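Dear colleague,

Here is the structure we spoke about. Please look it over; my notes follow below.

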Amino acid sequence: MSSSIPRFAAVSAVVASALAAGLLAGSSSAAAEDAAGVRIHDIQGTTRVSPLVGKQVTGVTGIVTGVRAYGSRGFWMQDPEADANPATSEGIFVYTGSVPTVSVGDALSVNGTVTEYVPGGLKSGNQSLTQISRPVITVVSQDNPVPAPVTISGWSVPDAYAPEGDPAAGGSINGLTLDPERYALDYYESLEGTNVRIGPSRVVGASNAYAELWVTVKPWENPNWRGGTVYGSYESQNTGRLKVQSLTPLAQQPFPVANVGDRLSGPTEGPLDFNQFGGYTLAARTLGTVADRGLKRETTAKQHKNELAVATYNVENLDPTDPQEKFDALAKAVVENLSSPDIVALEEIQDNNGAKNDGTVAADVTVEKFTDAIVAAGGPAYEWRAVDPENNKDGGQPGGNIRQVFLFNPERVSFTDRAGGDATTGTAVTGTKGRPALTLSPGRIDPANAAWEDSRKPLAGEFVFRGRTVFVIANHFASKGGDESIVSHHQPPSRSSETQRLLQAQAVNAFVKDIVAVDKQADVLVLGDINDFEFSGTTQALTDGGVLYPAVKSLPRSERYSYVYQGNSQVLDQILTSPGVHHFSYDSVHINAEFADQNSDHDPQVLRFRP
């Protein structure tokens, strides 16, 4: 924001709406009152929402502990004389809207309005940030020592994640008294705005274009051998994760490059912020140094001549306008890291001019540019099959028309073509006496089903390997957009996007049941970007009736992940097998998600078996 007035208006609107809806604690009649001589811990109170929200406060004193001259501009200040209540924070953010004129170490007296700012807006479900808006600032003295930091460590953060939300408040925890010795979210909230520090910490989320990374202060918490923290259950959150950003402008000090498993060493200290993308964040006034632990990209084993190797790879909005370097890097990964699978299901292939919204839906230029790059990298001359979508009907970037595409090596496997499939004509299962077949190949599954509204329709294809028919269904289920984050004030948070994925999973499951009804031993692989966890209701719906098995569950729990989100290594991409696929080997090939330098944000998956 370039001015404090627009944001103050937005904050006031948020507070007014929240008070009306009962989402924030406080009294609307209190807004007209003034509060003089209050301390920061009086403003912060013992819940997530200030008891003084909406009030004018005067003479609030503290020492500046951090200044942010970009983004949400303002500064943090802290009372050096703490009270005896561990639930009340001694620090607070003062929103100025313009570049602050104060410096770290300044002792201030501040007048202003207590507001609760909800990053992302009320509909996001995020917790609010208590702050002082429209400040009038008096510098009392300068060059004062900053209050000693509170050390956040694995021993200080509770193992329990959050209290259960109050049913009478719609599942919100806003009105609950903080219990920082029992719940991790309460612990962090009790330090909102406080000067904190972390010791040497393992990186669990790589640095990114937004100049941030994630660490864990609990190195023992659900670790994997590559350095990440694995997310394995809705009921078992990783409480030691913490986002780190730098308050120093990047022009003065570039943010360090870090991969998962690296170590952030040295002093990292600054106020504890709360923002839209990840929640509690250490806004580092002093940032440690990153020690490279040498994480390497994985390479999967080459399939035996009698094995069929099938992969899925989300190539992240690939289109011809992307640099040739992206095509070359993705192609090299297919050839070297994936060992040239026999079949590759690609997700997020865009049309021939990418996100230019002009009605183009064909993607032959995109695919052939990619297959040419694979040949140039020393790989096979893949052939391909796909069905063009209707314009702007499958979600993703407007005009991009993402879709799934099959690549296959004709030297190893053949594709059974049955013409007639298009964007709106669905394929079906036919056949008798143990010989199922697709009516259209390639074909889309139930494209008129409301489950696929503004989402990618599954692509089904019939292949033959060494005389054996193999059915492959490539998917890209609806995203998690619209879900509340795990730091929501609703606990548990709302996961509204699951509704559509559940319907999608049921449609795919029904199609697989049709195949298995004809041949119980049919070889069926359902794969792609499922956009959901192996323990989710989506996966349970896919496996209903025992017709599919999530192959990722064949891996040890610590190796089950294909994506890293906010420091959680988690499953989004999957390959599921029918009962006819008796023996297989499975590999989540970690080449992207853990690295700052990514060709895609997803890790590809490979399954090898003997039909």
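The residues lining the largest cavity divide into 8 nonpolar, 3 polar and 2 charged. This is a predicted model, and the space in that cavity comes to about 110 Å³. Of its 13 lining residues, L185, Y188, R241, Y280 and V487 are the closest to the centre. Two elements, α3 (184–189) and β11 (241–246), each supply at least two residues of this lining. A search of the whole structure finds 3 cavities of 30 Å³ or more.

The second largest cavity holds about 50 Å³ of space. Its lining is V387, D394, R403, Q404, R444, K457 and L459. By class that gives 2 nonpolar, 1 polar and 4 charged residues.

R403 and Q404 lead straight to strand β19, residues 403–408. How many of the residues of β19 are buried? The count is 6 of 6, so the strand is largely enclosed by the rest of the structure. R403, V405 and L407 point one way from β19. Q404, F406 and F408 point the other way. Every one of these side chains is buried, whichever way it points.

Now the partners of β19. Strand β17 (residues 343–349) runs antiparallel to β19, joined to it by 5 bridges. V344 has L407 in β19 as its bridge partner. Strand β18 (residues 383–385) also pairs with β19 in the antiparallel sense, over 3 bridges. There, R385 stands opposite F406.

β17 has a further partner. Strand β16 pairs with β17 in the parallel sense, over 6 bridges. N314 has E347 in β17 as its bridge partner. β16 covers residues 308–318 and is mostly covered, with 9 of its 11 residues buried. Strand β33 (residues 605–609) is joined to β16 by 5 bridges, and the two run antiparallel. In that pairing, V310 has L607 in β33 as its bridge partner.

A separate item is the open sheet of 9 strands. What is its strand order? Reading across, the order is β7-β8-β13-β14-β11-β10-β9-β12-β15, with mixed pairing. The edge strands are β7 (150–151) and β15 (289–291), each of which pairs on one side only. Inside that order, β9 (residues 201–205) and β10 (residues 212–216) pair in the antiparallel sense over 3 bridges. V203 stands opposite V215 in β10. The sheet also includes β11, which helps to line the largest cavity.

Next, the pockets. The second largest pocket has about 250 Å³ of space. It is lined by 17 residues, and the closest to its centre are G232, S233, E534, R557 and R560. The lining has 5 nonpolar, 8 polar and 4 charged residues.

Two of those central residues turn up again in the contacts of K553. Leaving out residues up to four places away in sequence, K553 touches E534 and R560. K553 sits in the loop between β28 (549–550) and β29 (563–565). Is K553 buried, partly exposed or exposed? Its relative accessibility is 35%, so K553 counts as partly exposed; the range for that class runs from 20% to 50%. For a sense of span, the C-alpha atoms of K553 and P135 are separated by 54 Å, and the two residues lie 418 apart along the chain.

S109 is a useful contrast to look at. S109 is found in strand β5 (residues 107–117). With a relative accessible area of 18%, S109 is buried, because the cut-off for buried is under 20%. Beyond its neighbours within four places in sequence, S109 is in contact with G59, V60, T61, V136, I137, T138 and V140.

Last, confidence. The protein averages a pLDDT of 94, and 95% of the residues score at least 70. Where does pLDDT stay under 50? That stretch is residues 1–32, for which the model has 57 contacts beyond four places in sequence. Where pLDDT is low, the predicted coordinates should not be read in detail.

Best wishes

Key:
Residues are numbered from 1 along each chain as its sequence is written. This is a predicted model: local features need pLDDT of at least 70, side-chain atom pairs count only at pLDDT 80 or more; totals for chains, interfaces and linings use all residues. Side-chain values use heavy atoms; hydrogens and water are left out. On a 1 Å grid over the protein atoms alone, a cavity is a set of points where a 1.4 Å probe fits but cannot get out, and a pocket is an open set with protein on both sides within 12 Å along at least five of seven lines; lining residues have an atom within 4 Å of a point. Grid points are joined across faces, edges and corners, and a volume is the space filled by probe spheres set on the points. Ala, Val, Leu, Ile, Met, Phe, Trp, Tyr, Cys and Pro count as nonpolar, Asp, Glu, Lys and Arg as charged, and the others, Gly among them, as polar. pLDDT is the predictor's confidence in each residue, from 0 to 100. Contact means heavy atoms within 4.5 Å. Two strands pair if DSSP finds at least two bridges between them. Helices (H or I, at least four residues) and strands (E, at least two) are DSSP runs, numbered from the N terminus. Buried means under 20% relative accessible area, exposed over 50%, partly exposed in between (1.4 Å probe, protein chains only).
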